[in-house]
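Colleague: Could you take me through one part of this model in detail? I'd like a close look at the aromatic rings and whatever sits around them.

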Amino acid sequence: QVQLVESGRGLVQAGGSLRLSCAASGRIFSTDAMGWFRQAPGKEREFVAAISWGGITDYADSVKGRFTISRDNAKNTVYLQMLSLKPEDTAVYYCAAGRSRTVVISQPEYWGQGTQVTVSS
């Protein structure tokens, strides 16, 4: 099994920034892809960003140019740097992992418990 633990929850004003972290443990391999999803109140969970073990990234159109996903394979940790935050970015953010970037984007194999991000206007 794989355990994913997010950290970095917070309340920020619009235009502010925040960095989320997700530490993976258990049966995780440095070759696994990782990513982030989010779920706003009353909405379905949506893809945010993904990164392969080699550093290839994908982003949702809504966050391109504002969010950056990165990873430290030595620490089995993935990060999501969020800039120019908007109230519509308010959501519970979930870390995800899978055997490839395509798997993470479409149907992750593992999920974290989620961390709340609130952006005030």
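Modeller: Sure, and keep in mind that this is a predicted model. Let's start with Arg 45, which lies over the face of Tyr 94, at 3.7 Å from the ring centre. Arg 45 also lies over the face of Trp 111, here at 4.4 Å from the ring centre.

Those two rings belong to a bigger group: Phe 37, Phe 47, Tyr 94 and Trp 111 make up one aromatic cluster. As for pairs, the count comes to 3. One of them is Phe 37 with Trp 111, with 5.0 Å from centre to centre and 70° between the planes. That pair is edge-to-face, because its angle is over the 60 degrees needed for the label. It also ties together distant parts of the chain: Phe 37 sits in strand 4 (residues 33–39) and Trp 111 in strand 10 (residues 110–111), 74 residues apart.

The partners in this pair differ in exposure. Phe 37 has a relative accessible area of 6%, so it counts as buried, while Trp 111, at 34% relative accessibility, is partly exposed.

Trp 111 turns up again in an edge-to-face pair with Tyr 94, this time with 6.4 Å between centres and 90° between the planes. The 6.4 Å still makes a pair because the cut-off is within 6.5 Å. Here too, distant parts of the chain are linked: Tyr 94 is in strand 9 (residues 91–98) and Trp 111 in strand 10, 17 residues apart. Tyr 94 is buried, its relative accessible area being 13%.

Note on methods: Residues numbered from 1 in each chain as written. Predicted model: local features only at pLDDT ≥ 70, side-chain atom pairs only at ≥ 80, totals over all residues. Heavy atoms only, no water. Phe/Tyr/Trp six-rings, centres within 6.5 Å; stacked < 30°, edge-to-face > 60°. Helix = DSSP H or I, 4+ residues; strand = E, 2+ residues; numbered from the N terminus. Buried < 20%, exposed > 50% of the residue type's maximum accessible area, 1.4 Å probe, protein only. Lys NZ or Arg CZ within 6 Å of the ring centre and 35° of its normal.
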